[in-house]
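Reader: Please take me through one part of this model in detail. I want the ligand site and what surrounds it.

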Amino acid sequence: MYAYREMVDWPAGRKHWLSGSATSATFKEKHVLKMIETTPSLNELIEQAGELLRLQFGTEPTWMGIAPGRVNLIGEHTDYNQGWVLPIAIDLYTVLVAAPGTVPNTIRVFSASLGEQAILPLAGGDGRHPLIWMRYVEGVITEYRNLGVMCKEMDIVAVSSLPMGGGLSSSAALALATAHLIEAATAQTMTSEERIAVSVSAERGYAGVPCGIMDQTVVELGRAEHALLLDCQDEIFSHVPCLGSHISMLVIHSGVTHSLASGAYAARRGECELAATKLGLSSLRFLEPDHINALGDHPVLMKRARHVMTENRRVHAMVTALRSGDKHCAGALLSESHESLRDDFAVSCDSVDRLVALAQAEEGVLGARMTGGGFGGCVIVLVRSEVVDAAAKAICRRYTEYAGKPTQCFTVDAVAGARKMNTSV
Ligand code: GLA
């Protein structure tokens, strides 16, 4: 059971949530699918946040920042190589509600997911808040202050339907929700570019992850029923329609949580930069097949570069597949991407590989791959909608059998990006 579900007695929502349960080594079939639950809708999350604000701080909600998570359809580890990505903002959200603060010179934030309350002096912290999740909030508040937008005292409650460390950009959602909340509270409006830049700075400078720009950009600029095609060098984007209601997107958590700050992500980024330097390229965006051969003396760099070159091509091929409604091509591209991430870029792990293989073997599944930074987290599965429930149950049951622990499975839809509200909830 995940913490945020224990903390709050969520009301029923409309999303599927399949949860397996393996209670011991003597795993029994009847325990596999203990329940089929639902995750809260956005309105329900907002209500919950308001109730918690009253309970925790005794104040009425005044301002709100909302941000969705994201799943990356394709284009993994290409953003910091100045390439192309195709992520989707999804209907799992982080919601921040706030009221004028009751403690002088202080911002207080209660995280319902973690059951923790953090305190930030209004004058700013040292950029190294002891609670890691709070560094995103601290980073955004400080960067806004640097832009001349000064927060007053606030009491804030954060609720989320996003699994943390699941590779669905719960951190980018927290950063962008904070940005919109600050704007609601200060009655100032920044541009999307400014919000994205501030949120990227919070992740890089405060949380210590040398990330690209994909997550923050799609969390801010997502559109309902569309994926976001982003050129990470020129920072140009367009929206590409998703496949339509006959194809569903499943997101299944491997149960392995990842921390991109732990160094492996930075190591991959370093290898890519080294490969570009050896080839005399400003970035791996400009790779051609001859470049890969030229890295023959550096087998590891050769594999990393090959992933980036082929993944960029897959992004463009996926755009073509989406535009022409070619679901089989879209599915095949997902599965090819996973092979490349596993074998050439080495960012998968046994559990994720197993989950992907189980999904790919299931009736009605068009393709599956890991999504996000890797080293655990979630997989994305494209599946024919008429069999989505059966496929989800079968994959979760088999994976739970393998992993010996519960898993989470969501059906996700493409939604609009982050926003603010002056509110009473
Ligand atoms: C993380 C980073 C992104 C991107 C992905 C991998 O999500 O935050 O910038 O690099 O990993 O595609």
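Author: Here is the ligand site, from its contacts out to its shell. This is a predicted model, where local features need pLDDT of at least 70, side-chain atom pairs count only at pLDDT 80 or more, and totals for chains, interfaces and linings use all residues. Residues are numbered from 1 along each chain as its sequence is written, and side-chain values use heavy atoms, without hydrogens and water.

The ligand has 13 residues around it, each with a heavy atom within 4 Å. Glu 76, His 77, Asp 79, Asp 215 and Tyr 265 come nearest.

Now the polar contacts (pairs of N or O atoms within 3.5 Å). A ligand oxygen lies 2.5 Å from a side-chain N or O atom of Asp 79. For the side chain of Arg 70, the distance is 3.1 Å. Gly 373 offers a polar backbone atom 3.5 Å from a ligand oxygen. Alone, the ligand exposes 300 Å², and the protein buries 98% of that (Shrake-Rupley method, 1.4 Å probe).

The shell holds 5 nonpolar, 4 polar and 4 charged residues; Gly counts as polar, Tyr as nonpolar. Domain 1 (39–240) and domain 2 (244–412) each supply at least three shell residues, with bounds from an automatic or database domain assignment.

Methods: Polar contact = N/O pair within 3.5 Å; in protein donor to acceptor, adjacent residues only side chain to side chain.
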